[in-house]
Amino acid sequence: MPSSNVAAHPANVTAPLHLAPSRNTGAALLYRAGQAWLAVAIAGQLLMAGYVAWFYGGAALQGQPERWNKTLQQGYVPGEPMLNAVLASHLFLVMVIVIGGALQLLPSLRRSYAGLHRWIGRGYLATASVLSLSGLYLIWVGGGTPGDVPQKLGTSFNGLLILVFATMAWRAARRRQTAFHRRWALRLFIAVSGVWFFRLALTLWLAIHQAPVGFDPETFTGPTLSILTFAQFLVPLAVLELYFRAQASPASRLWQPTSVVLVAATLLTAAGITTASMMLWLPRF
């Protein structure tokens, strides 16, 4: 996502979430709402990256990869070096891509270190593609993921979107189409975050109901999980497209409603990060 000094007027479709707002109150509100969601999301993703490094990386460095099975229903498998290698690389790249995504969204990095931004961007696109392909391998070949067919289809669709978005972001960057590159890169960021969104939504669901409503925790199947598997990327992508439409609107009628949606998304994301932290991440630090 190359740097640009384009003014953040809502009618400007090239303006991403991070650019400074115009003097218009509605545009400023839209900008602040987008900034708030990004800040919360990045903080939550960095927390998950720290958990992956501490728990999974620590177990591997101590020569105890079987500890992965405390959190993965189908994790480390003795005598399966190919499957274990794919799983290990997948976990490592999750940590790498979360940190890379956070760096790519820093305006100061784009402005002051454009060359570094481009190299990190190339690495981000490559890592996203590898993660998607390794995830598809684990789902359909290695059997490394729980869930029924609807969940596998939803996760696979998410993985295919990652490949499509990465390709489109790369093509736009190669053609120096900055506005299109930003849009595809942000779509890629949301799609890559699908599994993270799933954990936030599931733990928030459990916290609200105080029980595994709508699914069987033993088999990890049920309508709730099937719905969340598709909602984990389709709902955030829909919110992002609404934001793009509000930016491009020459009138103000979409600015405030979209800001309300973004504020609600920020609050839900913060709540999900809290429940995921308490149930999944912090207890293992």
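This section describes the fold, the second largest pocket, a nonpolar surface patch and two buried residues of a predicted model.

The protein chain contains 9 helices and 0 strands, and its elements follow the order α-α-α-α-α-α-α-α-α from the N terminus. Of its 285 residues, 46% are buried. Among contacts with a separation of 6 or more, 66% join residues that stand 24 or more positions apart. The accessible surface of the chain amounts to about 14000 Å², and carbon and sulfur atoms account for 67% of that surface.

The second largest pocket encloses about 680 Å³ of space. Its lining comprises 30 residues, of which Phe 197, Val 235, Pro 236, Leu 268 and Thr 269 are the closest to the centre of the pocket. Several helices contribute at least two lining residues each, namely H1 (25-61), H6 (178-192), H7 (194-209), H8 (223-248) and H9 (255-281). The greatest contribution is that of H8, which provides 10 residues.

Helix H1, one of the contributors to this lining, also carries Phe 55. The relative accessibility of Phe 55 is 6%, and this residue is therefore classed as buried, the limit being under 20%. Beyond the residues up to four places away in sequence, Phe 55 is in contact with Arg 67, Trp 68, Lys 70, Thr 71 and Arg 284. One of these partners, Thr 71, is 16 residues from Phe 55 along the chain, and the C-alpha atoms of the two residues are 9.8 Å apart.

A second buried position is provided by Ser 134, a residue of helix H4 (residues 114-142). Ser 134 has a relative accessible area of 8% and is therefore assigned to the buried class. When neighbours within four places in sequence are set aside, the contacts of Ser 134 are with Val 86 and His 90. Helix H2 spans residues 81-104.

On the surface, Leu 46, Ile 99, Leu 103 and Leu 106 form a nonpolar patch of about 300 Å². Within this group, Leu 106 is located in the loop that joins helix H2 (81-104) to helix H3 (107-112). Leu 106 has a relative accessibility of 38% and is accordingly partly exposed, because this value falls between the 20% limit for buried residues and the 50% limit for exposed ones. Patch membership requires over 30% relative accessible area, and Leu 106, at 38%, therefore satisfies this criterion.

Conventions:
Residues are numbered from 1 along each chain as its sequence is written. This is a predicted model: local features need pLDDT of at least 70, side-chain atom pairs count only at pLDDT 80 or more; totals for chains, interfaces and linings use all residues. Side-chain values use heavy atoms; hydrogens and water are left out. Helices (H or I, at least four residues) and strands (E, at least two) are DSSP runs, numbered from the N terminus. Buried means under 20% relative accessible area, exposed over 50%, partly exposed in between (1.4 Å probe, protein chains only). Contact means heavy atoms within 4.5 Å. Patches are made of residues with over 30% relative accessible area and no salt bridge: like charges are joined within 9 Å, nonpolar side chains (Val, Leu, Ile, Met, Phe, Trp, Tyr) within 5 Å. Accessible areas come from the Shrake-Rupley method with a 1.4 Å probe; for residues, only the protein chains shown count as cover. A salt bridge is a side-chain nitrogen of Lys or Arg within 4 Å of a carboxyl oxygen of Asp or Glu. On a 1 Å grid over the protein atoms alone, a cavity is a set of points where a 1.4 Å probe fits but cannot get out, and a pocket is an open set with protein on both sides within 12 Å along at least five of seven lines; lining residues have an atom within 4 Å of a point. Grid points are joined across faces, edges and corners, and a volume is the space filled by probe spheres set on the points.
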